[in-house]
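Here are my notes on the model you sent, set out as numbered points. Please read them with the structure open.

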Amino acid sequence: LTQLAHQAARPPDRAGPGLSGRLCIPTASASRDPTGNGQVCVWTSVCTGSVYAWSGSVSWSTCGARTLTAAYAGSGNFSSSTSAGVSQTVSPGATTTTITANTPNPSVPGQGVTVSYTVTSSSGTPTGNVTVSDGIDSCTATVAAGSCSVSLSTSGARTLSAAYAGSGNFSSSTSAGVYQPVSAAAHTTTISATPPNPTGMYAGG
């Protein structure tokens with residue numbers, strides 16, 4: 001008889017390389033304790049551990065609902081067996097988006113401001129797009145690009161934030177706002193022409 005049970009009080013796992021689901025695989029027989037290996041199978045994900053280890057580790061590569069089974073391969077004196085399935089939810093990996101720089105600061109209307117950002121996750125390397133915006137003007141680039149240039153159209157105090165849209169295996173996140181002052185553009189006023197100087201005086205008769 002092969003049975004499969006989750007480790008006690010385990011929350012849903014996160015998708016991503018290096019993160020694993022921990023499962024117990026007790027295998028027993030009325031005759032005596034079997035030897036050999038048991039397998040935990042999750043669709044195309046498989047891990048193998050010895051019967052006496054009673055545990056295995058599966059790395060979740062994508063999000064979604066899973067059904068896990070434990071399959072005992074059998075040995076010379078014992079037949080193979082497969083457990084009933086148990087459900088396992090794999091949730092998107094949490095992300096953190098941060099603005100690391102915004103230059104030039106201050107800027108003037110119409111001038112491009114280069115905003116650098118990072119998107120990180122303990123579940124792996126996020127992919128997808130990031131949009132930088134002050135609520136009016138915006139720019140969009142990939143996570144890998146690490147920056148984009150936004151042209152702020154009017155003067156005043158602005159707050160820029162970077163929003164990661166998320167992807168199949170990673171959840172969305174938005175950075176804290178950063179201050180970006182947009183100063184009125186400097187200008188110079190000149191007189192380009194004058195009347196004759198000195199001018200003639202008109203004497204009325």
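1. Two strands are said to pair here if DSSP finds at least two bridges between them. On that footing, Gly-112 stands opposite Ser-151, a residue of S14. The model is a predicted one, which applies to every point that follows.

2. Overall make-up. The protein has 17 strands and zero helices. Of its 205 residues, 33% are buried. Among contacts with a separation of 6 or more, 61% join residues 24 or more positions apart. The accessible surface is about 11400 Å², and carbon and sulfur atoms supply 54% of that surface.

3. The sheet around S11. Three strands make up an open sheet, ordered S10-S11-S14, with antiparallel pairing. Strand S10 (96-103) and strand S14 (147-151) are the edge strands, each pairing on one side only. On average, neighbouring strands of this sheet are turned by 30° against each other, direction ignored.

4. Pairing in that sheet. Seven bridges link S10 to strand S11 (residues 112-120), in the antiparallel sense. Two of the bridge partners can be named: Thr-103 is matched with Thr-114 in S11, and Thr-97 with Val-119 in S11. The antiparallel pairing of S11 and S14 runs over five bridges.

5. The two faces of S11. In a regular strand the side chains alternate between the two faces of the sheet. S11 shows this alternation: Val-113, Val-115, Tyr-117 and Val-119 point to one face and are buried. Gly-112, Thr-114, Ser-116, Thr-118 and Thr-120 point to the other face and are not buried. Two residues from the points above can be placed accordingly: Val-119, the bridge partner of Thr-97, is on the buried face, whereas Thr-114, the bridge partner of Thr-103, is on the other.

6. Cis peptide bonds. Which residues flank the cis bond with omega near -5°? They are Thr-103 and Pro-104, and Pro-104 sits in the loop between S10 and S11. A cis peptide bond also joins Asn-105 to Pro-106, with omega about 5°. Pro-106 is likewise located in the loop between S10 and S11. Both bonds deserve a look in the viewer.

7. Cysteines. The count of disulfides comes to one. Cys-139 and Cys-148 form it, with sulfur atoms 2.0 Å apart. The torsion about their S-S bond is about 60°, so the disulfide is right-handed. Both Cys-139 and Cys-148 are buried. Cys-63 has a relative accessibility of 22% and therefore counts as partly exposed; the cut-off for buried is under 20%.

8. Asp-137. Is this loop residue, which lies between strand S12 (129-133) and strand S13 (138-142), buried or exposed? Asp-137 is buried, because its relative accessible area is 15% and buried means under 20%. A polar atom of the Asp-137 side chain lies 3.0 Å from the backbone nitrogen of Ser-153. Leaving aside neighbours within four places in sequence, Asp-137 is in contact with Val-132, Val-150, Ser-151, Leu-152, Ser-153 and Arg-158. One of these, Ser-151, is the residue that stands opposite Gly-112.

Definitions and conventions: Residues numbered from 1 in each chain as written. Predicted model: local features only at pLDDT ≥ 70, side-chain atom pairs only at ≥ 80, totals over all residues. Heavy atoms only, no water. Helix = DSSP H or I, 4+ residues; strand = E, 2+ residues; numbered from the N terminus. Buried < 20%, exposed > 50% of the residue type's maximum accessible area, 1.4 Å probe, protein only. Contact = heavy atoms within 4.5 Å. Areas by Shrake-Rupley, 256 points an atom, 1.4 Å probe, with all protein chains shown as cover. Axes fitted to C-alpha atoms, helices over the stretch in contact; angles between N-to-C directions. Polar contact = N/O pair within 3.5 Å; in protein donor to acceptor, adjacent residues only side chain to side chain. Disulfide = S-S within 2.5 Å.
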